[in-house]
Amino acid sequence: MMGDVLTKIEIVTRPDNFEAFKQELAKIGVNGITVVEAKGTGLQKGYKETYRGVTREISLHDRIKIEIVVCEVPVQQVIDLARKNFNTGEPGDGKIFIYELANVIKIRTAEEGRAALKNEQ
Amino acid sequence: MELADSVFMFVATMLVWIMTPGIALFYGGMVKSKNVLNTAMHSYMPLAVISILWVTIGYSLSFSEGNAFFGGLDWIGLKGVGFEPGPYSDTIPHSLFMLFQMTFAVITVSIIAGGVAERMKFSAFLLFTIFWSLLVYAPLAHWVWGGGWLAQLGTLDFAGGNVVHVSSGVTGLVLAIMLGKRKLSGENSPHNLPLTFLGATLLWFGWYGFNVGSALTINEVAMVVFVNTAVAASAGILGWLAIEYVCNKKPTMLGALSGAISGLVAITPACGFVTVPAAIIIGLIGGAVCFWGVSYLKGKLGYDDALDAFGLHGVGGTWGGIATGLFATTSVNPGGANGLLYGGIGLFWKQLIAIIATYIFVAVLTFIIAKVISYLVPLRVNEEDETLGLDISLHGEKAYHESI
């Protein structure tokens with residue numbers, strides 16, 4: 001595993017277009033991802049809900065957080081795909097965070113690093 | 001006036017009434033969680049709007065004496081519609097008959113909501129239902145039940161296969177095509193199928209009032225209708241699940257519910273004219289053809305009839321109308337006619353004429369009404385609102401709140 005650079009890419013964005021993004025990721029060789037539903041707030045304005053005349057200000061929006069770890073696939077390719085699919089031009093499109101990782105271990109086989117990221121049978 | 005018949009029709013009216021909240025739940029469970037309230041509102045609002053319209057003018061246009069195409073204006077504002085039995089039944093109050101028919105006018109409009117779900121603007125839908133109820137439902141009801149040209153021709157439609165199901169199904173289809181597909185129409189994502197289960201159960205429950213009540217009295221025919229309705233729904237489940245198992249190897253609960261509704265739709269026009277074995281066959285085939293309608297026909301033709309208003313009610317109602325022309329027998333109902341299997345070729349053709357006339361009339365009028373409304377209000381929500389979900393963007397409320 002020495003010499004392998006492992007990068008974690010974390011994308012917080014709107015849930016729409018996720019399906020298209022996932023399919024395009026598979027095409028460039030990213031097969032394993034983790035997605036969690038999230039709430040977020042940033043530049044985008046909140047909205048109002050009203051129940052029996054009582055108004056409630058909502059500032060947290062529904063978002064998803066997509067976590068991707070790559071080694072062979074260029075990080076820039078993933079960033080480009082994310083921006084292509086999630087950029088609506090409006091505030092609220094979200095952010096991409098990039099981290100360098102110490103290691104990856106596959107639970108079933110104990111493989112590490114680059115080998116652990118391969119999803120072949 | 002007879003007390004027994006009046007009590008019976010009072011119960012039947014309430015049973016049909018519960019079908020409308022039932023369909024709101026049935027549809028509500030099938031959409032994404034961000035659109036459940038809007039979808040339920042589309043099906044619920046006819047209880048408010050169409051009911052008022054019905055007592056004001058709709059009932060008169062449908063059932064009072066007029067020409068072959070429209071009823072007259074004699075009963076506007078329920079003038080002369082009171083406790084005294086009317087021309088449609090000697091044994092129940094006229095106003096009770098009017099209320100029974102009101103629940104039909106309401107449920108028909110609420111079925112349409114299935115075709116337009118998750119993208120039609122609330123205001124546009126409300127406007128549409130007002131004009132549609134007056135210009136499409138009222139004439140159709142008059143043609144079939146109010147002594148109009150289909151009644152004079154001798155077509156049979158016991159509880160509203162054409163008037164209720166074909167008409168709402170075709171309308172849902174035309175609107176679905178005019179609105180275009182939802183943004184993510186490929187992903188069917190029912191967010192709460194237990195809700196759909198509850199809705200479908202209320203629909204089936206209410207359907208006994210819908211079909212049996214259409215006899216307007218408790219007699220031999222009414223009891224055949226009761227049995228036919230029960231077995232057709234059961235057979236519909238079996239028909240749907242059997243073909244679903246063959247195609248997908250897994251029987252689904254949504255499939256079982258859809259099969260029950262398919263069987264019920266299919267038996268609706270036939271229930272007072274066919275034998276019990278015929279009702280089982282009609283239900284079985286009803287479940288199977290509706291499965292074909294939603295899983296094959298819809299994909300093949302590429303329209304986005306979101307919750308299958310056409311796939312269940314249009315396809316099932318069409319089959320039911322044809323089946324009436326095949327299986328009807330005067331041994332069940334001397335007031336009916338013999339279908340093709342009993343040597344009555346005439347009835348079979350009349351049934352086809354009724355179905356085709358309904359398709360054309362409903363499709364053309366729906367297109368015109370929706371087109372005119374589109375100049376006043378956009379039919380469809382904008383992309384941003386659709387993404388956010390119609391509950392928040394159109395109604396400012398959310399069905400489910402998480403902890404934060």
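## A helix over the sheet of chain A

Helix 2 of chain A (residues 75-86) lies across strand 1, strand 5 and strand 6 of chain A, and runs at about 10 degrees to strand 1 of chain A. Everything described here comes from a predicted model, so please read the angles and distances in that light.

The sheet beneath that description is worth a walk-through. In chain A, 4 strands form an open sheet in the order 2-5-1-6, with antiparallel pairing. Its edges are strand 2 (34-40) and strand 6 (95-101) of chain A, each of which pairs on one side only. On average, neighbouring strands of the sheet are turned by 20 degrees against each other, with direction ignored.

## How the strands are paired

As a reminder, strands of a sheet pair through backbone hydrogen bonds, either parallel or antiparallel. Start with strand 1 (residues 6-13) of chain A, which pairs with strand 5 (residues 61-70) of chain A in the antiparallel sense over 7 bridges. Strand 1 of chain A also pairs with strand 6 of chain A, again in the antiparallel sense and over 7 bridges. On the other side of the order, strand 2 of chain A runs antiparallel to strand 5 of chain A, and 7 bridges join them.

Some individual partners help you find the register. A:Ile9 has A:Ile68 as its bridge partner in strand 5 of chain A, and A:Ile9 also stands opposite A:Ile98 in strand 6 of chain A. Further along, A:Ile11 is bridged to A:Ile66 in strand 5 of chain A, while A:Val12 stands opposite A:Lys65 in strand 5 of chain A. For the pairing with strand 2, the bridge partner of A:Glu37 in strand 5 of chain A is A:Ile64.

## Where the chains meet

The contact between the chains takes 9 residues from chain A and 7 residues from chain B. On the side of chain A that touches chain B, the largest share, 5 residues, comes from strand 3 (residues 47-51) of chain A. By class, that side of chain A has 3 nonpolar, 1 polar and 5 charged residues.

## Two bent helices in chain B

Helix 1 (residues 3-28) of chain B has 26 residues, which should span 38 Å at 1.5 Å a residue; its end C-alpha atoms are 38 Å apart, so the two values agree. Helix 1 of chain B nevertheless bends by about 25 degrees at B:Pro21.

Helix 8 (residues 193-212) of chain B has 20 residues and reaches 29 Å from its first C-alpha to its last, close to the 28 Å expected at 1.5 Å a residue. This helix has a kink of about 30 degrees, centred on B:Gly206.

## Helix packing in chain B

Helix 8 of chain B has a packing partner in helix 9 (residues 220-248) of chain B: their axes come within 9 Å and cross at roughly 145 degrees. The crossing is right-handed. From helix 8 of chain B, B:Trp204, B:Trp207, B:Tyr208, B:Asn211 and B:Val212 meet B:Ala222, B:Val225, B:Phe226, B:Thr229 and B:Ala233 in helix 9 of chain B. By class, this contact has 8 nonpolar, 2 polar and no charged residues.

A second pair is formed by helix 7 (residues 161-179) and helix 12 (residues 309-327) of chain B, which pack at an angle of about 140 degrees with their axes 7 Å apart. Their crossing is left-handed. Glycines appear on both sides of the contact, including B:Gly161, B:Gly169 and B:Gly172 of helix 7 of chain B and B:Gly314, B:Gly316, B:Gly317, B:Gly320 and B:Gly321 of helix 12 of chain B. The residues of this contact divide into 5 nonpolar, 13 polar and no charged, with glycine counted as polar.

Methods:
Residues numbered from 1 in each chain as written. Chains lettered and ligands numbered in written order. Predicted model: local features only at pLDDT ≥ 70, side-chain atom pairs only at ≥ 80, totals over all residues. Expected span 1.5 Å × (residues − 1). Bend = angle between axes of the 7 residues up to and from the residue. Pairing = 2+ DSSP bridges. Axes fitted to C-alpha atoms, helices over the stretch in contact; angles between N-to-C directions. Contact = placed C-beta atoms within 7 Å. Left-handed = near helix turned anticlockwise from the far one by under 90°.
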